[in-house]
Amino acid sequence: MSIDAVPARSVDYNRVFAQAIDRLHEEGRYRVFIDILRNKGQFPNARCFAGHNGPKPITVWCSNDYLAMGQHPAVIAAMEEALHDVGAGSGGTRNIGGNTHYHIDLETELADLHDKEAALLFTSGYVSNEATLSTIARILPGCIIFSDELNHASMIAGIRHSGCEKRVFRHNDLAHLEELLAAEDPSVPKLIAFESVYSMDGDVAPIHAICDLADKYNALTYLDEVHAVGMYGLRGGGISERDDAASRLTIVEGTLGKAFGVMGGYIAADRTVIDVIRSYAPGFIFTTSLSPVLVAGALASVRHLKASTAEREGQQAAAATLKTLFADAGLPVMDTTTHIVPLMVGDPVKAKRISDILLREYGVYVQPINYPTVPRGTERLRFTPGPAHDTAMMQELTAALVEIWGRLELRKAA
């Protein structure tokens, strides 16, 4: 006796996708990418093409090109020279045609920057974190990773993809970290993963104290310096250089796309660790290498910032001035010790509305920061003043924010 087949219920894929987007709109955290072009040599000035008949002049306040090195004449000249010398692309993975003398030179400079034996380039800071953490944990049998609760999504992804056990410690909480370390078998491999500057709150990790715990419990250390390289330390080696802690760290990870103004990520460590990641990490092995044009620009930027402190000093001065202006105006600026200047809003819809008014009426570009980048209820505007933001710009920005805060009847600082 045959049984008639029951037709499978069809799935309305478009409806599922549309509902997913609708949820973001309802929660006020749908992301809009603003259509802009920066003006070469005139940063933070740019042109906005969104919602206008022609480009509208704007001032950029949220770029991670913290020191405007993406506009520096030496960086641009190096990229132009490389383009005309070797062409545009790298030609493939590092193993197959994509290894150039520019890559070798930059890795040498980065190893020196962090007082390490060797370094390894990746296509982005996200990839360097994901590839390194997932690989090193797989290599160490039974490894447990101890991760700060505010670590970047790329670090979380790397830990997850490693398949190893993890322990999440409260942010910068040394007592909690030690409690977790002490609870594990002393013979089990351990890795402590944390950041130097946490980019949304602007606070700093106690690197030496964490290294002390690593020494006590025989753990390796992995420090993400992406929001500090180029900006702290005598030569721009980050918080670990500033605090004379680089030699205590197993692996230092950084980016070429923020203070160095170009693109790419990297790690620095001893030669054996670098060789392991180079030999085993799929995110490195099977990815087309950075264009030599980009590498040449990053190389020029790293070399310049090793010798020049003017950009770092200018950025720190600008950040201090903006924090003071915000505080004096009664705006809810978060207390930070770094170059990050977050202004607390606490509501995703209001944060987006403030951002929209600033762009539309004042020509000020700053993106709202919402969940999942920050916890719900802590939505904010994140300003990154740099050496090219002058006092007049900061005063105009402060006045605009005061007017908007009053218009929207938002809560001021206590």
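Student: What makes β1, β2, β3 and β14 an open sheet, and which strands stand at the edges?

Tutor: In this predicted model, the four strands come in the order β1-β2-β3-β14, with mixed pairing. β1 and β14 (364-365) each have a single partner strand, so one side of each is left without a neighbour in the sheet.

Student: How do you know that β2 and β3 pair?

Tutor: Two strands count as paired if there are at least two bridges between them. Strand β2 (residues 45-48) and β3 are joined by four bridges and run antiparallel, so the criterion of at least two is met. For a spot to look at, take Cys-48, which stands opposite Lys-56 in β3.

Student: What makes Arg-38 and Asp-65 a salt bridge?

Tutor: The cut-off is a Lys or Arg side-chain nitrogen within 4 Å of a carboxyl oxygen of Asp or Glu. Here the closest N and O atoms are 3.0 Å apart, so the pair qualifies. Arg-38 sits in strand β1 (residues 36-38) and Asp-65 in the loop between β3 (56-60) and α2 (73-86), so the contact ties together parts that are 27 residues apart in sequence.

Student: Why is Asp-65 called buried, and what is Arg-38 called?

Tutor: Buried means under 20% relative accessible area, and partly exposed runs from there up to 50%. Asp-65 has 6%, so it is buried. Arg-38 has 31%, which makes it partly exposed.

Student: What makes Glu-107 and Arg-94 a salt bridge, and are the two residues buried or exposed?

Tutor: Their closest N and O atoms are 3.0 Å apart, and the limit is 4 Å, so they count. Glu-107 lies in helix α3 (residues 101-113) and Arg-94 in the loop between α2 and α3, 13 residues apart, so the pair links distant parts of the chain. Glu-107 comes out at 9% relative accessibility, so it is buried. Arg-94, at 15%, is buried too, since the cut-off is 20%.

Student: How do you know that Glu-403 and Arg-407 are about one turn of the helix apart?

Tutor: Both lie in helix α14 (residues 391-407), four residues apart. An α-helix has 3.6 residues a turn, so residues three or four places apart point the same way. Their side chains meet in a salt bridge at 2.9 Å, N to O. Glu-403 has a relative accessible area of 32% and Arg-407 one of 36%; both values fall between 20% and 50%, so both residues are partly exposed.

Student: What makes Glu-109, Asp-112, Arg-235, Glu-241, Arg-303 and Lys-306 one network?

Tutor: They are joined by salt bridges that share partners. Across the whole structure, the search finds 23 salt bridges.

Student: How do you know that the span of helix α4 agrees with its number of residues?

Tutor: Helix α4 (residues 125-139) has 15 residues, and at 1.5 Å a residue it should span 21 Å. The multiplier is one less than the number of residues. The end C-alpha atoms are 21 Å apart, so the two values agree.

Student: Why is α4 called largely enclosed?

Tutor: Because 11 of its 15 residues are buried. Among them are Gly-125, Ser-128, Leu-133 and Ile-136.

Student: What makes Ser-124 a cap on α4?

Tutor: A side-chain oxygen of Ser-124 lies 3.4 Å from the backbone nitrogen of Tyr-126, at the N-terminal end of α4. A polar contact needs N or O atoms within 3.5 Å, so this one makes the cut.

Student: On to the seven strands: what makes β4 and β6 edge strands?

Tutor: That open sheet has the order β4-β12-β11-β10-β7-β5-β6, and the pairing is mixed. β4 (118-122) and β6 (165-169) each have a single partner strand, so one side of each is left without a neighbour in the sheet. From one strand to the next, the twist averages 20°.

Student: How do you know that β5 and β7 pair, and in which sense?

Tutor: Strand β5 (residues 144-148) and strand β7 (residues 190-195) share four bridges in the parallel sense, so they meet the minimum of two. One of the places to see it is Ile-144, whose bridge partner in β7 is Lys-190.

Student: Which strands does helix α5 touch?

Tutor: Helix α5 (residues 153-162) packs on the sheet against β5, β6, β7 and β10 (220-224), and its direction makes about 160° with that of β7. Helix α7 (residues 207-216) also packs on the sheet, touching β7 and β10, at about 175° to the direction of β7.

How values were computed
Residues are numbered from 1 along each chain as its sequence is written. This is a predicted model: local features need pLDDT of at least 70, side-chain atom pairs count only at pLDDT 80 or more; totals for chains, interfaces and linings use all residues. Side-chain values use heavy atoms; hydrogens and water are left out. Helices (H or I, at least four residues) and strands (E, at least two) are DSSP runs, numbered from the N terminus. Buried means under 20% relative accessible area, exposed over 50%, partly exposed in between (1.4 Å probe, protein chains only). A polar contact is a pair of N or O atoms within 3.5 Å; within protein, one must be able to donate a hydrogen and the other to accept it, and residues adjacent in sequence count only if both atoms are side-chain atoms. Axes are lines fitted to C-alpha atoms, for helices over the stretch in contact, and angles run from 0 to 180 degrees between N-to-C directions. Contact means heavy atoms within 4.5 Å.
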